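Here is a short set of questions and answers on one model. Keep the structure open while you read.

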Amino acid sequence: MKESAYYVKLVEWSQEDQCFVGQCPGIIGPCCHGDDEEQVYHELCLIVDEWIAIMKKDAKPLPPMTSGINLSRLILERIGDTDHAARL
C-alpha cells in the first residue's frame, strides 16, 4: 500500500472558481483543479505521491496521517475557527 493512502484527499466543487478543486490536508492545500472530478482526483493522487517522495528525499518527517480521523476537527484545529465550530 502506498503511504499516500494514509492521507485524506478531497475533491470538491468550488462555486467561486466554477470547477473541482483538489487538496490533501496535512500534505498540500488546494493544488489542482478542473472540470472533471475524476481527473482532478487522479491528478491530486499523483501530486500527493510526489510530495511524499520529496519529503522523504529531504529527510523531512511525514505529517500525521489524516485517514481514519475526524476530518472536520482536523480542519478546525488548523484554521482555529471557533465560531465555525459552533455552527457544526
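Q: In which loop is the place of Gln-18?

A: This is a predicted model, in which local features need pLDDT of at least 70, side-chain atom pairs count only at pLDDT 80 or more, and totals for chains, interfaces and linings use all residues. Residues are numbered from 1 along each chain as its sequence is written, and side-chain values use heavy atoms, with hydrogens and water left out. Helices (H or I, at least four residues) and strands (E, at least two) are DSSP runs, numbered from the N terminus. Gln-18 sits in the loop between β1 (10-14) and β2 (19-24).

Q: What is the phi of Gln-18?

A: β1 and β2 form a hairpin with 4 residues between them, and Gln-18 is in the turn. Gln-18 is a residue other than glycine, yet its phi is positive. The value is near 60°.

Q: Is Gln-18 buried, partly exposed or exposed?

A: Buried means under 20% relative accessible area, exposed over 50%, and partly exposed in between (1.4 Å probe, protein chains only). Gln-18 has a relative accessible area of 46%. So Gln-18 is partly exposed.

Q: How many bridges join β1 to β2?

A: Two strands pair if DSSP finds at least two bridges between them. β1 and β2 run antiparallel. One of the bridge partnerships is that of Glu-12 with Val-21 in β2. The number of bridges joining β1 to β2 is 5.

Q: Which residue in the loop between α1 (37-57) and α2 (71-79) has a positive phi of about 55°?

A: The residue is not a glycine. Its relative accessibility is 67%, so it counts as exposed. The residue is Ala-59.

Q: Which residues does Ser-4 contact, leaving aside its neighbours within four places in sequence?

A: Ser-4 is found in the segment before β1. At 6% relative accessibility, Ser-4 counts as buried. Contact means heavy atoms within 4.5 Å. On that basis, the residues in contact with Ser-4 are Lys-9, Val-48, Asp-49 and Ile-52.

Q: What distance separates the C-alpha atoms of Ala-53 and Ser-4?

A: Ala-53 has its place in helix α1. Ala-53 is partly exposed, at 44% relative accessible area. Ala-53 and Ser-4 are 49 residues apart along the chain. Their C-alpha atoms are separated by 9.9 Å.

Q: How many salt bridges does the count come to?

A: A salt bridge is a side-chain nitrogen of Lys or Arg within 4 Å of a carboxyl oxygen of Asp or Glu. The side chains of Lys-2 and Asp-49 meet in one. Glu-3 and Lys-56 form a salt bridge too. By this rule, the count is 2.

Q: What is the N to O distance in the salt bridge of Lys-2 and Asp-49?

A: This salt bridge joins the side chains of Lys-2 and Asp-49. The pair links distant parts of the chain, 47 residues apart: Lys-2 in the segment before β1 and Asp-49 in helix α1. Lys-2 counts as exposed at 53% relative accessibility, while Asp-49 counts as partly exposed at 21%. The N to O distance is 3.0 Å.

Q: How far apart are the closest N and O atoms of Glu-3 and Lys-56?

A: Glu-3 forms a salt bridge with Lys-56. This pair also links distant parts of the chain, 53 residues apart: Glu-3 in the segment before β1 and Lys-56 in helix α1. Glu-3 is partly exposed, with a relative accessible area of 30%, and Lys-56 counts as partly exposed at 48% relative accessibility. The closest N and O atoms are apart by 2.6 Å.
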